[in-house]
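This report sets out selected features of one protein chain, from single residues to helix packing and the nonpolar core. The sequence and structure are shown first.

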Amino acid sequence: MKDLPVHHPSAPALRRRIEEMSERKLADFSSALIPGAGRPVLGCRVPQLRRLARELVCGDWRRLLDEELGDESHEEVLLHGFIIGYARMEAEERLERIRAFVPLADNWALCDCCCASFDKVRKFREKAWPFVLECARSKEEFRQRFGIVMMMDHFLTDEYADSVLAELAALKPAGYYATMGGAWALSVTFLKHTGPTLRVLRRNDTDTEMRRLACRKILESRRTPPQLRFLIKELRASLPKNTAS
């Protein structure tokens, strides 16, 4: 499909643009990967939506977000997140727009894709950290996953790594996708901060199922050194068989 200039689109024109990018087979495939998605999945490829977002931020993107862009489809919400990630704005406005966006991210794919796009929070981590913590401590499954993935993507620095690990150790997962998010984060911290992560994985007061899933992800990773695989296998075998936390 030939791209059209859409710096100042109307809502119907933007919706048509998104629909033109959609693929029925991809929609069926993606829908199966996102069970319980609250919005229809149209089947647009994420790189295409990212290109569209970069095009749109060259125009009046504030009017677009505040007045034109809806949230009726999975793709519209993704586009909303990408625009927040790519547009130029001050830290305070970006943080407020991310805060307003989080309730829209009601499945794992929206959480993960948009968290990755919010990399500009690295320029104001100190301001963003309290909100990320608020999300990670939430009792809402996907809000919690959002906070976990934000910590994993943007706060695994020397300054914040210990705080991230402390939050993961104390995490009370609010559902399956929050548990998976915590396990994913632990598998990433294991590669970057092996000793401290091992101590978290050995803690009996850390969620058992999250530790079990983290061990599985660490063993599945080709980046895990052979000499550490034995330790992780032993640790996994020592976990209680009952998956209740």
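Is S73 buried or exposed? The answer below, like every value in this report, rests on a predicted model. S73 has a relative accessible area of 4%, which is under the 20% cut-off for a buried residue, so S73 counts as buried. Its place in the chain is the loop between α4 (61-68) and α5. Leaving out residues up to four places away in sequence, S73 touches R39, P40 and L42.

**Residues with greater accessible area**

Three residues located in helices serve as further examples of accessibility.

| Residue | Helix | Relative accessible area | Class |
|---|---|---|---|
| A13 | α1 | 25% | partly exposed |
| D28 | α2 (residues 24-33) | 46% | partly exposed |
| F230 | α14 (residues 226-238) | 55% | exposed |

The class of F230 follows from its value of 55%, because exposed means over 50%. A13 and D28 have values of 25% and 46%, and each is therefore classed as partly exposed.

Separation along the chain and separation in space can also be given for these residues. A13 and E68 lie 55 residues apart in sequence, with a C-alpha to C-alpha distance of 10.0 Å. For F230 and A174, 56 residues apart along the chain, the C-alpha atoms are separated by 31 Å. D28 and E209 are 181 residues apart along the chain, and 30 Å separates their C-alpha atoms.

**Helix packing**

Two packed helices are described by the angle between their axes and the distance between the axes. How are α1 and α5 packed, and at what angle? Helix α1 (residues 11-21) meets helix α5 (residues 74-86) at an angle of about 110°, and the axes are 11 Å apart. This angle makes α1 roughly perpendicular to α5. On the α1 side the contact is formed by L14, R15 and I18, and on the α5 side by E75, E76 and L79. These contact residues comprise 3 nonpolar and 3 charged, with no polar residue.

A second pair is formed by α11 and helix α12 (residues 194-201), whose axes come within 6 Å and cross at roughly 140°. The two helices are therefore oblique to each other. From α11 the contact involves L186, T189, F190, L191 and K192, while α12 contributes T194, T197, L198, V200 and L201. Here the contact residues divide into 6 nonpolar, 3 polar and 1 charged.

**Helix α9 and the nonpolar core**

Helix α9 (residues 141-154) contains 14 residues and spans 20 Å from its first C-alpha to its last, close to the 20 Å expected at 1.5 Å a residue. This helix is mostly covered, with 12 of its 14 residues buried. Among the buried residues of α9 are F142, R143, F146, I148, V149 and H154. The elements covering them include α6 (91-101), α7 (108-117), α8 (125-136), α10 (161-170) and α11 (176-192).

Which residues touch the most other members of the largest nonpolar core? In this core of 78 residues, they are L79, I83, F118 and F146. L79 also takes part in the contact of α1 with α5, and F146 is one of the buried residues of α9. Setting aside neighbours within four places in sequence, F146 is in contact with I98, V102, C111, C115, F118, F131 and C135. As a general tendency, nonpolar side chains are buried together in soluble globular proteins.

Definitions and conventions
Residues are numbered from 1 along each chain as its sequence is written. This is a predicted model: local features need pLDDT of at least 70, side-chain atom pairs count only at pLDDT 80 or more; totals for chains, interfaces and linings use all residues. Side-chain values use heavy atoms; hydrogens and water are left out. A nonpolar core is a set of buried Ala, Val, Leu, Ile, Met, Phe, Trp, Tyr and Cys residues joined through side-chain atoms within 4.5 Å. Buried means under 20% relative accessible area, exposed over 50%, partly exposed in between (1.4 Å probe, protein chains only). Contact means heavy atoms within 4.5 Å. Axes are lines fitted to C-alpha atoms, for helices over the stretch in contact, and angles run from 0 to 180 degrees between N-to-C directions. Helices (H or I, at least four residues) and strands (E, at least two) are DSSP runs, numbered from the N terminus. Angles under 35 degrees count as roughly parallel, over 145 as roughly antiparallel, 65 to 115 as roughly perpendicular and the rest as oblique. Ala, Val, Leu, Ile, Met, Phe, Trp, Tyr, Cys and Pro count as nonpolar, Asp, Glu, Lys and Arg as charged, and the others, Gly among them, as polar. The expected span of a helix is 1.5 Å times one less than its number of residues.
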